Amino acid sequence: MISFCGIELAHPVVNGSGTFDAIAARRAFGDALLDDFPFAAFVSKTVTRAPRQGNPPPRLWELGAGMINSIGLPNKGLAGYLAEDLPQLAELPVPLIVNVMGSSAEDVAALVSAFAEREEVAALELNVSCPNVKTGLLMGADPGETAALLDAVRPLTAKPLVVKLTPNCASPAAVAAAAEAHGADAVSLINTIRGMAMHPRRPGEAWLGGGTGGVSGPAVHAVALAQVREVRERVRIPVVGMGGVATGRQARDMIDAGADLVGVGTASFRDPLAGARIAVELQRLSANSGITGGTPEPAPARIADAR
Ligand code: RRO
């Protein structure tokens with residue numbers, strides 16, 4: 001077992017928010033999913049205060065080395081999440097981390113307050129990649145904005161607060177340092193890198209309905225390693241490192257760059273069991289090198305059998 005912000009985890013591999021739909025997976029795999037859950041904690045898709053439709057299609061573009069998404073936060077809103085999703089996610093056999101996002105500190109505060117008293121929730125992840133309507137900045141692109149957000153929400157809960165950093169700013173490490181100084185318990189990075197795909201048949205037009213989107217997958221792994229290392233050198237709090245991790249070797253590299261936990265995202269789209277495989281590969285690598293780490297369960301066979 002390893003400890004993350006006081007939460008006991010069986011191994012260091014978690015999912016990146018929004019990259020694994022545990023409720024749909026439970027429908028597809030049944031209770032086999034609960035017996036062999038691929039992650040040591042589950043990070044749920046971003047919840048906003050009000051329901052959102054998300055961006056117009058198309059929402060995905062496949063790259064040679066990953067993909068671009070422009071999903072646009074479709075979700076049921078806080079009330080819908082509490083009534084419909086939370087009871088189902090509470091049945092998962094691992095701690096639940098709820099990812100929340102708002103376009104103002106007041107919005108985020110309402111979300112944090114609502115989850116503060118829910119014992120089903122182990123921690124909150126603050127997605128600070130959202131444009132701030134007041135200044136036009138991304139909240140998480142600016143250390144001062146991030147500090148102000150933490151000042152507003154830190155007093156509202158004793159639960160661990162993980163700040164999900166954006167790579168689309170001058171210095172993610174400066175934002176991480178501000179988050180730590182203002183009470184964050186951990187940081188996670190990277191979120192996706194802003195990118196664009198041109199429409200293959202309409203010259204000059206964007207393919208994605210949202211215009212631009214977020215690049216993820218193998219294409220961003222090297223960028224993630226560099227940013228995780230830079231952040232690690234600036235903060236003492238735990239770091240959740242993610243970006244293009246698809247093998248145990250890449251997870252090991254993420255840890256060596258400075259991560260305490262490793263997030264798996266895009267790899268789960270191709271293989272929903274990627275997290276379990278990566279955890280086992282990582283454990284074998286760590287055992288062979290004498291590095292102590294988590295002790296993942298043996299490779300899950302039952303979900304694979306059910307497929
Ligand atoms: O929903 C999305 O389009 C989205 C979000 Br909230 C995010 O944080 N990162 C991303 O790549 N897509």
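**Figure 1. Polar contacts between the ligand and the protein in a predicted model.** A polar atom in the side chain of Thr192 lies 2.7 Å from an oxygen atom of the ligand. The protein buries 83% of the 310 Å² that the ligand exposes when taken alone. Another oxygen contact involves Asn69, where an N or O atom of the side chain is 2.8 Å from an oxygen atom of the ligand. In the side chain of Asn191, an N or O atom is 2.8 Å from a nitrogen atom of the ligand.

**Figure 2. The residues around the ligand.** The ligand is surrounded by Lys45, Thr46, Asn69, Ile71, Gly72, Leu73, Asn127, Asn191 and Thr192. Sorted by class, this shell has 6 polar, 2 nonpolar and 1 charged residues. Asn69, Asn191 and Thr192, shown in the first view, are among the residues of the shell.

**Figure 3. Ser44 and its surroundings.** Ser44 sits in the loop between strand β4, residues 42-43, and strand β5, residues 60-63. Its relative accessibility is 1%, so Ser44 counts as buried, the cut-off being under 20%. Leaving aside residues up to four places away in sequence, Ser44 touches Ser17, Gly18, Tyr81, Leu89, Leu96, Ile97, Val98 and Asn99. With one of these residues, Tyr81, Ser44 also makes a polar contact of 2.9 Å between side chains.

**Figure 4. Helix α6 and what covers it.** Helix α6 runs over residues 172-181, and its buried residues are Pro172, Ala173, Val175, Ala176, Ala178 and Ala179. An α-helix has 3.6 residues a turn, so residues three or four places apart point the same way. The cover over the buried residues of α6 includes two helices, α5 (143-153) and α7 (221-232), and two strands, β9 (161-164) and β10 (186-189). Just after α6 comes Gly183, which takes a positive phi of about 105 degrees.

**Figure 5. The salt bridge between Lys76 and Glu84.** Side chains of opposite charge can pair when their charged atoms come close. In the pair of Lys76 and Glu84, the closest N and O atoms are 3.2 Å apart. Lys76 has a relative accessibility of 40% and therefore counts as partly exposed. Glu84 is partly exposed as well, because its relative accessible area is 43%.

**Figure 6. The salt bridge between Arg118 and Glu120.** The closest N and O atoms of Arg118 and Glu120 are 3.2 Å apart. Arg118 counts as partly exposed, at 27% relative accessibility. For Glu120 the relative accessible area is 28%, so this residue is partly exposed too.

**Figure 7. The salt bridge between Arg202 and Glu205.** The side chains of Arg202 and Glu205 meet with an N to O distance of 3.3 Å. Arg202, at 45% relative accessibility, counts as partly exposed. Glu205 is also partly exposed, with a relative accessible area of 37%.

**Figure 8. A network of salt bridges.** Arg26, Asp31 and Glu91 are linked to one another in this network. The structure as a whole holds 12 salt bridges.

Notes: Residues are numbered from 1 along each chain as its sequence is written. This is a predicted model: local features need pLDDT of at least 70, side-chain atom pairs count only at pLDDT 80 or more; totals for chains, interfaces and linings use all residues. Side-chain values use heavy atoms; hydrogens and water are left out. Buried means under 20% relative accessible area, exposed over 50%, partly exposed in between (1.4 Å probe, protein chains only). Helices (H or I, at least four residues) and strands (E, at least two) are DSSP runs, numbered from the N terminus. Contact means heavy atoms within 4.5 Å. A residue is near a molecule or strand if one of its heavy atoms lies within 4 Å of it. A polar contact is a pair of N or O atoms within 3.5 Å; within protein, one must be able to donate a hydrogen and the other to accept it, and residues adjacent in sequence count only if both atoms are side-chain atoms. Accessible areas come from the Shrake-Rupley method with a 1.4 Å probe; for residues, only the protein chains shown count as cover. Ala, Val, Leu, Ile, Met, Phe, Trp, Tyr, Cys and Pro count as nonpolar, Asp, Glu, Lys and Arg as charged, and the others, Gly among them, as polar. A salt bridge is a side-chain nitrogen of Lys or Arg within 4 Å of a carboxyl oxygen of Asp or Glu.
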